Amino acid sequence: MAAIFFTLMKHKYLLLFLFTLIFQSAYKAQSFSNQKKGMLSSSQFSDLKAFLVSKNLQIKDTIFIKYDFNKESCWNRLDEQGNEKIEIIKMSFQKHISDFNAQHKDAIAYNFREPGNRINKLKLWDSTIIIDDLYFLKNLLFKKKRECGTSVIILNDGSYLLYFGDPHFELLDKVYQNQ
């Protein structure tokens, strides 16, 4: 037993180095697993624009969409905190989107959600969230349900970046922080 201990101690720096490499590899894999790049076909991009126009929404060079799913539990703990706190957070989200849209003439941000009433109060009570009543966006971009929703940034050539989970608005801010 003592021989094993001394052998391990002799190689402790090697073990530490290996554990560090394994941890870094796992961290890098995890940090990129929450994103997916893609490209809409020209007909899909045209359909997306027609859909947005049908909802009386603006189309700009860059479109950011935050999408929440029915039957998810991301904000359930907030439901227990009281209606006043929910209202404050709801107003903060609305202000963030409104401020972003006012500051960026070439970009627009929208908040959509899947139809249904099995969603937390924060999303259910927010009348500015547009309901994807025909599941158009879900079928086009948000096919896989993710905890805490999914966001997409769509550029004017139809290329896009899907971002799974929170924090959605930090992604939006990072994209435009240098402009």
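Two strands count as paired if DSSP finds at least two bridges between them. Keep that in mind for the views below, which all come from a predicted model.

**View 1. The whole chain, before we zoom in.**
Let's get our bearings: the protein chain has 8 helices and 6 strands. Starting at the N terminus, the elements go α-α-β-α-β-α-α-β-α-β-α-β-β-α. Of the 179 residues in the protein chain, 37% are buried. Take the contacts between residues at least 6 apart in sequence, and you'll find that 70% of them join residues at least 24 apart. The protein chain exposes about 11400 Å², with 57% of that supplied by carbon and sulfur atoms.

**View 2. Six strands side by side in an open sheet.**
Strands of a sheet pair through backbone hydrogen bonds, and they can do so parallel or antiparallel. Here, 6 strands form an open sheet, and reading across it gives the order S1-S6-S5-S2-S3-S4, with mixed pairing. At the edges sit strand S1 (35-39) and S4, each of which pairs on one side only. For an antiparallel pair, look at strand S5 (residues 150-154) and strand S6 (residues 159-164), which are held by 5 bridges. One spot to find is Ile 154, whose bridge partner in S6 is Tyr 160.

**View 3. Strand S3 and its two neighbours.**
On one side, S3 runs parallel to S2, and 7 bridges join the two. If you want to trace one of these links, start at Phe 64 and go across to its bridge partner in S3, Ala 109. On the other side, S3 is joined to strand S4 (residues 130-131) by 2 bridges, again in the parallel sense. Phe 112 takes part here, with Ile 130 as its bridge partner in S4. How many of the residues of strand S3 (residues 107-113) are buried? The count is 7 of the 7, so the strand is largely enclosed by the rest of the structure. Both faces are covered: one carries Ala 107, Ala 109, Asn 111 and Arg 113, while the other carries Ile 108, Tyr 110 and Phe 112, and all of these are buried.

**View 4. Ile 63, tucked away in strand S2.**
Ile 63 belongs to strand S2 (residues 62-68). Is Ile 63 buried or exposed? Its relative accessibility is 1%, and buried means under 20%, so Ile 63 counts as buried. Leaving aside residues up to four places away in sequence, Ile 63 touches Leu 52, Ile 108, Tyr 110, Val 152, Ile 153 and Ile 154. Also check out Asp 106: this residue is 43 residues from Ile 63 in sequence, but C-alpha to C-alpha the two are 8.9 Å apart in space.

**View 5. Asp 79, a buried charge without a salt bridge.**
You'll find Asp 79 in helix H4 (residues 76-79). Which side chain of opposite charge is nearest to Asp 79? That's Lys 121, but at 5.5 Å away; Asp 79 is buried and has no salt bridge. A salt bridge needs a side-chain nitrogen of Lys or Arg within 4 Å of a carboxyl oxygen of Asp or Glu. Still, the backbone of Lys 121 has a link of its own to show: its nitrogen lies 3.1 Å from a polar atom of the Asp 79 side chain. Not counting residues up to four places away in sequence, Asp 79 touches Ile 86, Asn 120, Lys 121 and Leu 122.

**View 6. Two salt bridges along helix H5.**
Side chains of opposite charge can pair when their charged atoms come close. In helix H5 (residues 83-103), Lys 90 and Glu 87 sit 3 residues apart, about one turn of the helix. Their side chains meet in a salt bridge of 3.1 Å, N to O. Lys 90 counts as buried, at 10% relative accessibility, whereas Glu 87 is partly exposed at 31%. Asp 99 and Lys 95 make another salt bridge, with their closest N and O atoms 2.6 Å apart. These two are 4 residues apart in helix H5, so about one helical turn separates them. Asp 99 is partly exposed, with a relative accessible area of 30%.

**View 7. Salt bridges beyond helix H5.**
The structure holds 6 salt bridges. One of them links Lys 138 with Glu 114, and the closest N and O atoms are 2.8 Å apart. Lys 138 lies in helix H7 (residues 136-140) and Glu 114 in the loop between S3 and helix H6 (121-124), so the pair ties together parts that are 24 residues apart in sequence. Glu 114 counts as buried, at 9% relative accessibility. Finally, look for Lys 66, Asp 68 and Lys 123, which are linked in a network of salt bridges.

Methods: Residues are numbered from 1 along each chain as its sequence is written. This is a predicted model: local features need pLDDT of at least 70, side-chain atom pairs count only at pLDDT 80 or more; totals for chains, interfaces and linings use all residues. Side-chain values use heavy atoms; hydrogens and water are left out. Buried means under 20% relative accessible area, exposed over 50%, partly exposed in between (1.4 Å probe, protein chains only). Lys and Arg count as positive and Asp and Glu as negative; His and the chain ends are not counted. A polar contact is a pair of N or O atoms within 3.5 Å; within protein, one must be able to donate a hydrogen and the other to accept it, and residues adjacent in sequence count only if both atoms are side-chain atoms. Contact means heavy atoms within 4.5 Å. Accessible areas come from the Shrake-Rupley method with a 1.4 Å probe; for residues, only the protein chains shown count as cover.
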